[in-house]
Amino acid sequence: VNHAALTALVDRWRPENHSFHLPCGEMTMTLEDMAMISGLPINGQAVTGRVSAVNWRERTGILIGVQPDGPREAKADTVKVRHYWLKLVR
């Protein structure tokens with residue numbers, strides 16, 4: 001990891017349009033970029049499907065082989081897989 005380049009990109013990120021504003025122009029993240037960052041494959045069938053709030057953790061476990069932990073004490077349960085968790089398990 002090039003920490004200087006990463007810091008420069010963080011400083012130039014514009015969340016309002018999800019792009020980087022660089023001296024040479026604007027740069028947007030692509031699906032391939034996200035695959036490189038997260039380590040998740042982008043070939044084959046999509047990791048999607050109908051998931052209800054009652055079984056989303058089990059479905060995640062079936063699709064990627066690791067099931068997210070349950071909600072923390074005194075925290076609301078959310079129906080989503082967080083990117084930082086994916087990085088931890090991959």
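Two strands count as paired if DSSP finds at least two bridges between them. Helices and strands are themselves DSSP runs, numbered from the N terminus. The views below show a predicted model.

**View 1. The whole chain holds four helices and three strands.** Along the sequence, the elements follow the pattern α-β-β-β-α-α-α. The chain has 90 residues, and 12% of them count as buried. Buried here means under 20% relative accessible area. Take the contacts in the chain with a separation of 6 or more: residues 24 or more positions apart account for 20% of them.

**View 2. Three strands form an open, antiparallel sheet.** Which order do the strands take in the sheet? The order is β1-β2-β3. β1 (13-14) and β3 (25-28) stand at the edges. Each of these two has a single partner strand, so one of its sides is left without a neighbour in the sheet. In a regular strand, side chains alternate between the two faces of the sheet.

**View 3. A hairpin connects β1 and β2.** The two strands run antiparallel and pair over two bridges. Arg14 stands opposite Ser19 of β2. Four residues lie between the strands of this hairpin. What sign does phi take at His18 in the hairpin? His18 has a positive phi, near 55 degrees.

**View 4. A second hairpin carries the chain from β2 to β3.** Two residues make the link between these strands. How many bridges join β2 to β3? Four bridges join β2 (residues 19-22) to its antiparallel partner β3. On the β3 side, Ser19 has Thr28 as its bridge partner. Phe20 is bridged to Met27, also in β3. Ser19 appears in View 3 as well, where it faces Arg14.

**View 5. Ala35 sits in helix α2.** The helix covers residues 31-38. Is Ala35 buried or exposed? Ala35 has a relative accessible area of 17%. The cut-off for burial is under 20%, so Ala35 counts as buried. Which residues does Ala35 touch, leaving aside its neighbours within four places in sequence? The contacts are with Leu40 and Ile42.

**View 6. Helix α3 packs its buried residues against α4.** The buried residues of α3 are Trp56, Arg57, Thr60 and Gly61. They cover an arc of only 145 degrees around the axis, which puts them on the same side of α3. An α-helix has 3.6 residues a turn, so residues three or four places apart point the same way. Just after α3 comes Gly65, with a positive phi of about 90 degrees.

**View 7. The second largest pocket holds about 460 Å³ of space.** It is lined by 16 residues. Which of them are closest to the pocket centre? They are Asp69, Gly70, Arg72, Arg82 and Tyr84. Two helices, α3 (56-64) and α4 (83-89), each supply at least two residues of the lining. By class, the lining divides into seven nonpolar, two polar and seven charged residues. The helices named here, α3 and α4, also appear in View 6, where the buried residues of α3 pack against α4.

Note on methods: Residues are numbered from 1 along each chain as its sequence is written. This is a predicted model: local features need pLDDT of at least 70, side-chain atom pairs count only at pLDDT 80 or more; totals for chains, interfaces and linings use all residues. Side-chain values use heavy atoms; hydrogens and water are left out. On a 1 Å grid over the protein atoms alone, a cavity is a set of points where a 1.4 Å probe fits but cannot get out, and a pocket is an open set with protein on both sides within 12 Å along at least five of seven lines; lining residues have an atom within 4 Å of a point. Grid points are joined across faces, edges and corners, and a volume is the space filled by probe spheres set on the points. Ala, Val, Leu, Ile, Met, Phe, Trp, Tyr, Cys and Pro count as nonpolar, Asp, Glu, Lys and Arg as charged, and the others, Gly among them, as polar. Buried means under 20% relative accessible area, exposed over 50%, partly exposed in between (1.4 Å probe, protein chains only). Contact means heavy atoms within 4.5 Å. The arc is that of the directions from the helix axis to the C-beta atoms.
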